[in-house]
Amino acid sequence: MSASASAARLGLNLTVAAAPLANYVPAVRVGGLLFVSGQLPLRGGVLDPACKGKVGVDLFNEAGQAAARLAAINVLAQARAALGSLDKIKRVVRLGGFVNAAPGFHALPAIMNGASDLMVEVFGDIGHHARTTVGVSELPLDAAVEIEAMFEVE
Amino acid sequence: MSASASAARLGLNLTVAAAPLANYVPAVRVGGLLFVSGQLPLRGGVLDPACKGKVGVDLFNEAGQAAARLAAINVLAQARAALGSLDKIKRVVRLGGFVNAAPGFHALPAIMNGASDLMVEVFGDIGHHARTTVGVSELPLDAAVEIEAMFEVE
Amino acid sequence: MSASASAARLGLNLTVAAAPLANYVPAVRVGGLLFVSGQLPLRGGVLDPACKGKVGVDLFNEAGQAAARLAAINVLAQARAALGSLDKIKRVVRLGGFVNAAPGFHALPAIMNGASDLMVEVFGDIGHHARTTVGVSELPLDAAVEIEAMFEVE
């Protein structure tokens, strides 16, 4: 099944690519690579209130994973807007995951799986990616998670 | 106007490319990409005292933006040193911005605009870039901001 | 001396490439670039207890450097597993270093040199790399250091 068909089957709405919060662009293509700016768990252009605050204090494992998934959906919306179709993606190369972690919260990989699982659901084998996950002290809008991506593209 | 002419018109001094703080190099080129190491708001090789500490406690919006701009000027100085001229840059592909944020300070995108605005002032349309901004707990030398970059080059 | 010979002479055991902690892969190659996922100071697949906690409180300079070196050894083990041999590496392009820093600990570049020095010991001139080092609030498994890498490869 193509990535766009998988995305449709999963019921993902990828038609709203969020405007940047500031003076940058959502994605830049250079040669066969597409770099997507760090995306937040926005819904309809505003931070989903359920995805706000520190993971481990304000929200917990399941909600944190949902925040990572939503941020990753926004990554895909940006890629689709830049490329015209998810089907132009040949490989998910790398995700960078930044978790707004409460002091002492170390289960960052489980949170980030909300994003990684989505990539595999949508892209299958070519969705498996390299990844770096760290816990940061603050994120824009007090979001729980921020995710950036690099794709290999046609 | 060329990027080097714009930089001159803005009065940017790009002749001092800071020595690395440790065992790495300021920039590496691979194929058509140039990767610039994380740069701090140094002036004459030392941290500008006005750019030290946590944004939201030790310095605030305008000073934080100035710190980001100064770190970005150092990014350009490194790129110029590596390439011989800013005019070899075909596109600013990506900036990574790390803000030494005080607890509860979320206005990170506004701070990072100090760097992004500079890129657009110097490069015009090809200065628009993808970007990831996060708040971190500590930076080298207690700098307020650190900025890394990727450029597409001739 | 070849990189693999240098690694052998240094007594590095690169035969154990750690399984990912979650739903991602250790490394992805795209064209002439290899991206290695963030690696922790694991030994035999588990976090080395001497490499756990906050640098500046739970461990100090020398132990922090050793943690960075061990994480970098795991980066090399992943690169070797992906490529078949370290000798396929043409250049260490970039390291990203994330230090689990205690509040007020700024000597991050010295810690990260544990990783950078290893690259130069193993690869010589082509081991010199661009680098970004930041202090983060939390890391997976409460590791002291996490390191990601990009290599130019044959």
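**View 1. Leu141(B) sits in the loop between β6 (130-136) and β7 (145-153) of chain B.** Before going further, keep in mind that this is a predicted model. The backbone does something a bit unusual to look at here: phi of Leu141(B) is near 60 degrees, a positive value in a residue that isn't glycine. Is Leu141(B) buried, exposed or partly exposed? It counts as partly exposed, because it has 18 C-beta neighbours inside 10 Å, and a residue needs 20 or more to be called buried.

**View 2. Over in chain C, Leu141(C) is found in the loop between β6 (130-136) and β7.** Phi is positive here too, at about 65 degrees, although Leu141(C) is not a glycine. With 18 C-beta neighbours inside 10 Å, Leu141(C) is classed as partly exposed.

**View 3. Helix α2 of chain B covers residues 61-83.** How far apart are the end C-alpha atoms of this helix? They are 33 Å apart, and that agrees with the 33 Å that 23 residues should span at 1.5 Å a residue. Most of α2(B) is covered, with 17 of its 23 residues buried. Look just past the end of the helix and you'll meet Gly84(B), which takes a positive phi of about 95 degrees.

**View 4. The matching close-up in chain A shows α2(A), a helix of 23 residues.** From its first C-alpha to its last, α2(A) reaches 33 Å, close to the 33 Å expected at 1.5 Å a residue. How many of its residues are buried? The count is 17 of 23, so α2(A) is mostly covered. Right after the helix comes Gly84(A), with a positive phi near 95 degrees.

**View 5. Helix α2 (residues 61-83) of chain A crosses helix α3 (residues 108-123) of chain A.** Two packed helices are described by the angle between their axes and the distance between the axes. For this pair, the axes come within 7 Å and cross at roughly 45 degrees. That makes α2(A) and α3(A) oblique to each other, and α2(A) passes α3(A) in a right-handed crossing. Which residues of α2(A) meet α3(A)? Among them are Asn61(A), Gly64(A), Gln65(A), Arg69(A), Ile73(A) and Leu76(A). From α3(A), the partners include Ala110(A), Ile111(A), Met112(A), Asn113(A), Leu118(A) and Val122(A). Sorted by class, the residues of this contact come out as 14 nonpolar, 5 polar and 1 charged.

**View 6. Chain C has its own crossing, between helix α2 (residues 61-83) and helix α3 (residues 108-123).** The two axes come within 7 Å and cross at roughly 45 degrees, so α2(C) and α3(C) are oblique to each other. What is the handedness of the crossing as α2(C) passes α3(C)? It is right-handed. Several alanines of α2(C) take part, including Ala66(C), Ala67(C), Ala68(C), Ala71(C) and Ala72(C). On the α3(C) side, look for Gly114(C), Ala115(C) and Met119(C), among others. The contact of α2(C) with α3(C) has 14 nonpolar, 5 polar and 1 charged residues.

**View 7. Here chain A meets chain B, in a contact that takes 24 residues from chain A and 27 from chain B.** On the side of chain A that touches chain B, at least two residues each come from β1 (27-30), β2 (33-39), β5 (89-100) and β7 (145-153). Which element gives the most to that side? It is β2(A), with 4 residues. By class, the chain A side divides into 14 nonpolar, 6 polar and 4 charged residues.

**View 8. Chain C also touches chain A: 24 residues of chain C are in contact with 26 residues of chain A.** The strands β1 (27-30), β2 (33-39), β5 (89-100) and β7 (145-153) of chain C each put at least two residues into the side that touches chain A. β2(C) supplies the largest share, 4 residues. This chain C side is made up of 14 nonpolar, 6 polar and 4 charged residues.

**View 9. Val25(C) lies in the loop between α1 (3-9) and β1 of chain C.** It is partly exposed, since 16 other C-beta atoms lie within 10 Å. Leaving out residues up to four places away in sequence, what does Val25(C) touch? Its contacts are His128(A), His129(A), Ala130(A) and Pro20(C). Val25(C) and Gln78(C) are 53 residues apart in sequence, and their C-alpha atoms are 9.9 Å apart in space.

Notes
Residues numbered from 1 in each chain as written. Chains lettered and ligands numbered in written order. Predicted model: local features only at pLDDT ≥ 70, side-chain atom pairs only at ≥ 80, totals over all residues. Expected span 1.5 Å × (residues − 1). Buried ≥ 20, exposed ≤ 12 C-beta atoms within 10 Å, placed from the backbone. Axes fitted to C-alpha atoms, helices over the stretch in contact; angles between N-to-C directions. Parallel < 35°, antiparallel > 145°, perpendicular 65-115°, else oblique. Left-handed = near helix turned anticlockwise from the far one by under 90°. Contact = placed C-beta atoms within 7 Å. Nonpolar A, V, L, I, M, F, W, Y, C, P; charged D, E, K, R; others polar.
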